[in-house]
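Reader: I'm new to this one, so could you walk me through it once it's on the screen?
Author: Gladly, just ask as you go.

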Protein chains: 4
Amino acid sequence: MISFESDYTNGAHPVILQKLIETNDESLATYGFDKYSESAKEKIKAACQCPEAEVHFLTGGTQTNAIVISTMLKDYEGVVAADTGHISSHEAGAIEYTGHKVLTVGQELGKIKADELEKYLDSFYGDENHEHMVFPGMVYISHPTEYGTLYSKRELEELSNICDKYEIPLYMDGARLGYGLMSYHTDVTLADVAKYCDVFYIGGTKVGALCGEAVVFSKNNAPRHFMTMIKQHCALLAKGRLLGVQFDALFTDDLYYKISRHAIDMAEELKKVLQEKGCRFFIDSPTNQQFIIIEDSKLNSLKDELKVSFWEKYDENHTVVRFATSWSTKPEDIEALKELL
Amino acid sequence: MISFESDYTNGAHPVILQKLIETNDESLATYGFDKYSESAKEKIKAACQCPEAEVHFLTGGTQTNAIVISTMLKDYEGVVAADTGHISSHEAGAIEYTGHKVLTVGQELGKIKADELEKYLDSFYGDENHEHMVFPGMVYISHPTEYGTLYSKRELEELSNICDKYEIPLYMDGARLGYGLMSYHTDVTLADVAKYCDVFYIGGTKVGALCGEAVVFSKNNAPRHFMTMIKQHCALLAKGRLLGVQFDALFTDDLYYKISRHAIDMAEELKKVLQEKGCRFFIDSPTNQQFIIIEDSKLNSLKDELKVSFWEKYDENHTVVRFATSWSTKPEDIEALKELL
Amino acid sequence: MISFESDYTNGAHPVILQKLIETNDESLATYGFDKYSESAKEKIKAACQCPEAEVHFLTGGTQTNAIVISTMLKDYEGVVAADTGHISSHEAGAIEYTGHKVLTVGQELGKIKADELEKYLDSFYGDENHEHMVFPGMVYISHPTEYGTLYSKRELEELSNICDKYEIPLYMDGARLGYGLMSYHTDVTLADVAKYCDVFYIGGTKVGALCGEAVVFSKNNAPRHFMTMIKQHCALLAKGRLLGVQFDALFTDDLYYKISRHAIDMAEELKKVLQEKGCRFFIDSPTNQQFIIIEDSKLNSLKDELKVSFWEKYDENHTVVRFATSWSTKPEDIEALKELL
Amino acid sequence: MISFESDYTNGAHPVILQKLIETNDESLATYGFDKYSESAKEKIKAACQCPEAEVHFLTGGTQTNAIVISTMLKDYEGVVAADTGHISSHEAGAIEYTGHKVLTVGQELGKIKADELEKYLDSFYGDENHEHMVFPGMVYISHPTEYGTLYSKRELEELSNICDKYEIPLYMDGARLGYGLMSYHTDVTLADVAKYCDVFYIGGTKVGALCGEAVVFSKNNAPRHFMTMIKQHCALLAKGRLLGVQFDALFTDDLYYKISRHAIDMAEELKKVLQEKGCRFFIDSPTNQQFIIIEDSKLNSLKDELKVSFWEKYDENHTVVRFATSWSTKPEDIEALKELL
């Protein structure tokens, strides 16, 4: 069985695991006040070229989205997102559970276009009845998007300018940020992300960690008593070291980039194989997720030898499936796929 | 100044006011246990031809929507509504504030089409990842819709059948229900509403009362301890009589229908005048709200003599405005409008 | 049947009702933008001697408490209240429903003592683990309290100083404020309330109105977009005039004080009768509510001729009952009670 | 430096760590559908002698409390807890954030007495106004309690009977359950817990795991779509294996009991030393937490050599500190303490 099912089917990258082993017997401060958490924060701030940043560690993506969004929004505000945004549809209503509406705008391949956003905000404030409506209080983007696509530096700058104009923060969901940064087709660096976004998170779970996401408030804008609110949202780990140690490993010797680059290299190889085999691409993705339209009968015939994940129905006889690569994808897997197809 | 601004610019219909005056000095039970509330409930159940119904009085429309929806939904459920539904956009996020998502589907003139709804529900349960998504737990329709349009009896039956199939309640927002029932162009009766909907409300505020909406659970399906939840949602009036007396008046001698019919008669007259004057209708509405596309310059020139309400921008030089009639609209108002245009 | 059941069993004071009648046919701006609401706000600001105040009208007491508390608190904060406070026990969890904890402190006859409050706040910040706890973000007092008792001006000043020291607002629930201001045993004026409290409400429902409470933010401290949040909390009346007209009447020609004073005069007469008849007072209340310990057998024997309200069980054979006076209490009622006992 | 600071300052028990290492490279199903999670669930059901149980894994204690409580309560209900209960004071309002009130009753050494509970429930339903109050919908106990004390089997049975009478579930917070089960002074087994409690959790974080708690619904009473609600509460781990593998290790070869027993043995040794040294015990705790009243000057003089945790101020010159043992406590630590004191 070859698996391209997702980038979180395997455990931790060996270097991370090793670090957990090495530090296991140390008696450390709890609730995230341990030295590894402190060290990891410093390394992340350096990597972001943003010494004034404030970094917090959380366990998973939905958790991070819900906490960042609900603690930064005012009661009368909602968050603007693409209708395909993860928070819009695949987080079981976690944002709404905090009392805030997700305000959706159209998208192209998962990306919010600057002019669409501006039109939305203009028309909100132009509506005489807007005091009866949910105020747009933040813009949420994912990078890579749910479709594996990427914003260019220029596009980020445009979105950032619009957010500045309306005085609302731009928030980037970076569940797979590493794959975006290491794509062959990007001009966006981590420092750019810190520059254009008011808050973002660097995803760990899907980039080699067992769990963990690092939230970065890059503009001296972390909500007051954020730790208390993390606890209130049920997300404060007693053994905060679990997150600190992993991120300390990820941001030592460029591990985060190396893991990401490996997955990107594998994805590019995979892409070649899929193209050679004449597969039909659902979209052109520059990151570690590749989306293929496949006949249902073919999919069925492969199911004992190939694991990919269901994305959506394409039409009556076809399905879109996702191939994902990760730290654990091996060149042999690509070879085996080549044989299989 | 002639005003067609809305159906809630004036006070109470004189008969309702009279009843408030007559009962004012009586010492009555509090929190809705007074005899007028009891009597009003009986009359409403009779009018609905639904003796097993349970009726509760609330103060306003958004309040009613939020309480009905949040108390009937389970935690993991959201409410399906047209993207133009009042709860989707014009209630300041009151539904999301209760922790529930509004799941939007497309519409035609404010109405949810049965096949669209079925497709939505089918595709939700057909999605392998639906356990990560908000479950559709109720269908919300408004009748008349936000565009003044109406469902036919057949359409209600179809929606009801789909809801039954998926075992979720059909909820009708009847903020202006009277105008729907008294339209020249409907085959839907109040008994039909009670038959096809699991819960609905009979709007008072916009049909002659000072305030007040009557929620009807028509299928022995009122949530347990509903009164406690009304209080929890800050909606339990100490002097519940205020609502009971008004609804007792509205459902005595067909007052609710008479008020509604008067407004419909006025709206039909209004329509004739607007047609005669060559006005451009935004949509064809069979109820007390009429939507007209008007040149901005023209609108501006009329603004000292005519009050209508802003609906939305049509294009750069045109605006959609709404004319509304009510119990207080007089034939003279229509005449004066005729002169004016 | 003589009734001292509560101060909200009757309708509106005749002067208020008259004002509703007189203004009924006027076409007015909706959602609280009508001229009567504007006028009422000005009169209230004048009565408070607080020109910089911001006034909003809401429908009922629990609603007002929940909206004021939840919009002024930050997410990580709760509200400090006496364990007998209305929000602590008799509002069906409306405060918790907004996500905030009610932090209780001990009380004497319903009043929070300054030293108790200070001890509570000191010990919170002295606790090394307080970042894992709910921050005290506001102090709630009721005046008169749930036991009809009153704070002195000195006591209010002390509470206010402590709140200032900890930079949290002092909020007064004035559901029956009029009766406190018109008590024979108070040195507190409405201007004092505005001076010492950061926010408070002037109760209408229990002081002669059909419904309605006036929230006063006295320190330029109204939350931004408060109207939107009123709507979000399901409390924005379409016919806002209903509240505006009533408060305009209440604050014209001192009606609010006159209504309150009448009830106080009646309560003092009632007290005399109860004393003469040898009734046992549960507490010594200086306002319109009087609490009497009565034998259950006696209570039962009176139940066809006297309506009072159950307060709490005193012991196995005795019950505490409450007598309340209001605008509608007549000297004859007191006389009749004298006969009866 | 000797540390008795807490039972969560060290990493995972070596056997658990080993299991994480061994399984790290396996490609496993995500979101808790992996084979280790399945296996762990079966082992836990067997250990509870409760084949009909349903088991779910969550990350931490506050998270577990908030999810269990909010998903089992109805909207109009709150949870009854000791005023010293963890949910009452040390979870940053996480329960209230879900919209539910924590209803507090008095306690003795952290334990709710059956007669106190019964009195509370009787008096709630005996109160004529209880429809205006929060309904008690669940009883929360911790075992061991926050003071390290334990319920006897008889006491659990009594609480269980009262809950049955009132048809509300009994919920046990077992953050340190192992230490309770392995105490020298208990007659309660895991099977008893499953018998008397409707739902409980077996704490992992404080009993040797890196993170993780196992919720057990023992009466066929797991809320529907619990997984969706776990996601909604931001608690669904993508790599659910992290929890499954750890609990599979904990429930293989009695590891959970062995870890717990070791800590208890160490605690009993510690107790002897503290007694020998004439220390003053704050309470008599039969589990792994020992509470000592110590002079502030003494505490200060030890602070470079001994780490314990602040519990509360005892009086002006004394502090209560907590000593905790765990899997990582070594006999040498006790010896060193003996030397030190």
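Reader: How many salt bridges does the rule find across the interface of chain C and chain A?
Author: In this predicted model, the rule finds zero salt bridges across the interface of chain C and chain A. For polar contact, however, the rule finds eight residue pairs there, with both residues at pLDDT 80 or more.

Reader: And which helices of chain C supply residues to the side that touches chain A?
Author: Helix H3 (61–72) and helix H10 (226–232) of chain C each supply at least two residues of that side, and the largest share, five residues, comes from H10(C). By type, the residues on the side of chain C that touches chain A divide into seven nonpolar, seven polar and four charged.

Reader: How much area do chain C and chain A bury between them?
Author: They bury about 1,700 Å², with 55% of it on carbon and sulfur atoms. In chain C, the residues that lose the most area to chain A are Asp75(C), Tyr76(C) and His132(C), which together make up 36% of what that side buries.

Reader: Switching to chain B, in what order do the strands of the open sheet come?
Author: The four strands run in the order S9-S10-S13-S12 (chain B), with antiparallel pairing. Strand S9 (280–281) and strand S12 (309–315) of chain B each have a single partner strand, so one side of each is left without a neighbour in the sheet.

Reader: What packs on that sheet?
Author: Helix H12 (residues 255–276) of chain B does, touching S9, strand S10 (289–295) and S13 of chain B, and its direction makes about 20° with that of S10(B).

Technical notes. Residues are numbered from 1 along each chain as its sequence is written. Chains are lettered from A and ligands numbered from 1 in the order in which they are written. This is a predicted model: local features need pLDDT of at least 70, side-chain atom pairs count only at pLDDT 80 or more; totals for chains, interfaces and linings use all residues. Side-chain values use heavy atoms; hydrogens and water are left out. Two strands pair if DSSP finds at least two bridges between them. Contact means heavy atoms within 4.5 Å. Axes are lines fitted to C-alpha atoms, for helices over the stretch in contact, and angles run from 0 to 180 degrees between N-to-C directions. Buried area is the accessible area (1.4 Å probe) that two parts lose on being put together, summed over both. A salt bridge is a side-chain nitrogen of Lys or Arg within 4 Å of a carboxyl oxygen of Asp or Glu. A polar contact is a pair of N or O atoms within 3.5 Å; within protein, one must be able to donate a hydrogen and the other to accept it, and residues adjacent in sequence count only if both atoms are side-chain atoms. Ala, Val, Leu, Ile, Met, Phe, Trp, Tyr, Cys and Pro count as nonpolar, Asp, Glu, Lys and Arg as charged, and the others, Gly among them, as polar.
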